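This report goes through the fold, the interior, the surface and the charged pairs of one protein chain.

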Amino acid sequence: MTTWEMLAVLAAGIGAGTINTIVGSGTLITFPVLLATGLPPVTATVSNALGLIPGSISGAIGYRKELAGQRRRVLRLATAAAVGGLGGAVLLLVLPSTAFETIVPVLVALALALVILQPRISRAVQRRREAHGSQADPDGGPLLVTGLLLASVYGGYFTAAQGIIYLSLMGMLLPDTLQRLNATKNILAAVVNTIAALFFLFVAHFDWTAVVLIAVGSALGGQIGARVGRKLPPAALRVVIVAVGTLAIVQLLLR
């Protein structure tokens, strides 16, 4: 890489770490930059996955207050995320690079619709529970575990907009605030990136310059994202999610 390319990758890492902590989709910043430096798509994908791990950890640390009391939930969901992430990493090396290109925009659009409708859906679900005298599962139940498992397969494959899909699923099925769900999302993203990257270490080629630059940038961005994201009220956070997700769909369709 030239000096300017290295600075561009570092800046992309900061941007990705920031946006990943707030909502997700940071890969849509780093991935095109890595391709522009001349890296092959698979090398760019695996280098990006490894480089973003410090950013996910940094963002999770920044959201540590919102993680209080979620230990059991996080452990249960993280187990599903780890299995799904490993499956996605395997698919990246087995399937053609175009395999997910058609379905990904549809998944993100569906996730955005669920994020927008989440308050209304949650109220309807709560009214139904009250009518039947039942209580919400604090961990989301088998439906959430299954949904996150499948979302993590996609996350291990590419990661773009993975956080938006997580937030839409948890927002529907968990009786908790959006900020606390965002904290859980950061943990799940860190798990998937780590599992996928560990798998890639043994079977794929990394560009270690790109890995280090993204790692440093995303770690800084994770702290920035936590400071900004934790101050956003639920309505504003939801607007940010929808805006980022819409841009993600447009970029995915134009690729």
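A salt bridge is here a side-chain nitrogen of Lys or Arg within 4 Å of a carboxyl oxygen of Asp or Glu. By that criterion, the side chains of Arg-73 and Asp-176 form a salt bridge, with 3.0 Å from N to O. Arg-73 belongs to helix 5, while Asp-176 sits in the loop between helix 8 (162-173) and helix 9, so that the pair links distant parts of the chain, 103 residues apart. The model is a predicted one.

**Salt bridges**

A search of the whole structure gives three salt bridges. They are listed below with their N to O distances.

| Pair | Closest N and O atoms |
|---|---|
| Arg-73 and Asp-176 | 3.0 Å |
| Arg-180 and Asp-176 | 2.9 Å |
| Arg-230 and Glu-66 | 3.0 Å |

Arg-230 lies in the loop between helix 10 and helix 11 (234-254), and Glu-66 in the loop between helix 4 and helix 5; the pair therefore ties together parts that are 164 residues apart in sequence. Arg-230 counts as partly exposed because its relative accessibility is 33%. Glu-66, at 14%, counts as buried.

Arg-73, Asp-176 and Arg-180 are linked in a network of salt bridges. Within this network, Arg-73 is buried, with a relative accessible area of 8%. Asp-176 is partly exposed at 22% relative accessibility, and Arg-180 is partly exposed at 21%. The cut-off matters for these values: buried means under 20% relative accessible area.

**Fold and packing**

The protein chain has eleven helices and zero strands. It consists of 255 residues, of which 52% count as buried. Where contacts join residues at least 6 apart in sequence, 84% of them are between residues at least 24 apart.

Is helix 3 mostly buried or exposed? Nine of the eleven residues of helix 3 (residues 41-51) are buried, so this helix is largely enclosed by the rest of the structure. Thr-43, Ala-44, Thr-45 and Val-46 are among the buried residues, as are Ser-47, Asn-48, Ala-49, Leu-50 and Gly-51. Their cover includes helix 2 (27-36), helix 4 (53-62), helix 5, helix 7 (141-157), helix 9 and helix 10 (208-229).

**Nonpolar cores**

The largest nonpolar core holds 52 residues, and the members that touch the most others are Leu-148, Tyr-166, Met-170, Leu-188 and Phe-200. Helix 9 gives the most to this core, with seven residues. Leaving out residues up to four places away in sequence, Leu-148 touches Leu-77, Tyr-166, Leu-169, Met-170 and Leu-188. Another core, of seven residues, lies apart from the largest one; Ala-60, Ala-183, Ile-187 and Ala-226 are among its members.

**Surface**

The accessible surface of the protein chain comes to about 11,500 Å², and 70% of it belongs to carbon and sulfur atoms. A nonpolar patch on this surface has about 1,000 Å² of accessible area in total and includes Val-42, Val-90, Leu-93, Leu-198, Phe-202 and Trp-208. Helix 5 (71-94) and helix 9 (178-203) are the elements that give two or more residues to the nonpolar patch. Leu-86, another residue of the patch, is located in helix 5. With a relative accessible area of 39%, Leu-86 is partly exposed.

Technical notes
Residues numbered from 1 in each chain as written. Predicted model: local features only at pLDDT ≥ 70, side-chain atom pairs only at ≥ 80, totals over all residues. Heavy atoms only, no water. Helix = DSSP H or I, 4+ residues; strand = E, 2+ residues; numbered from the N terminus. Buried < 20%, exposed > 50% of the residue type's maximum accessible area, 1.4 Å probe, protein only. Contact = heavy atoms within 4.5 Å. Areas by Shrake-Rupley, 256 points an atom, 1.4 Å probe, with all protein chains shown as cover. Patch = residues over 30% accessible without salt bridge, like charges linked within 9 Å, V, L, I, M, F, W, Y side chains within 5 Å. Core = buried A, V, L, I, M, F, W, Y, C linked by side-chain atoms within 4.5 Å.
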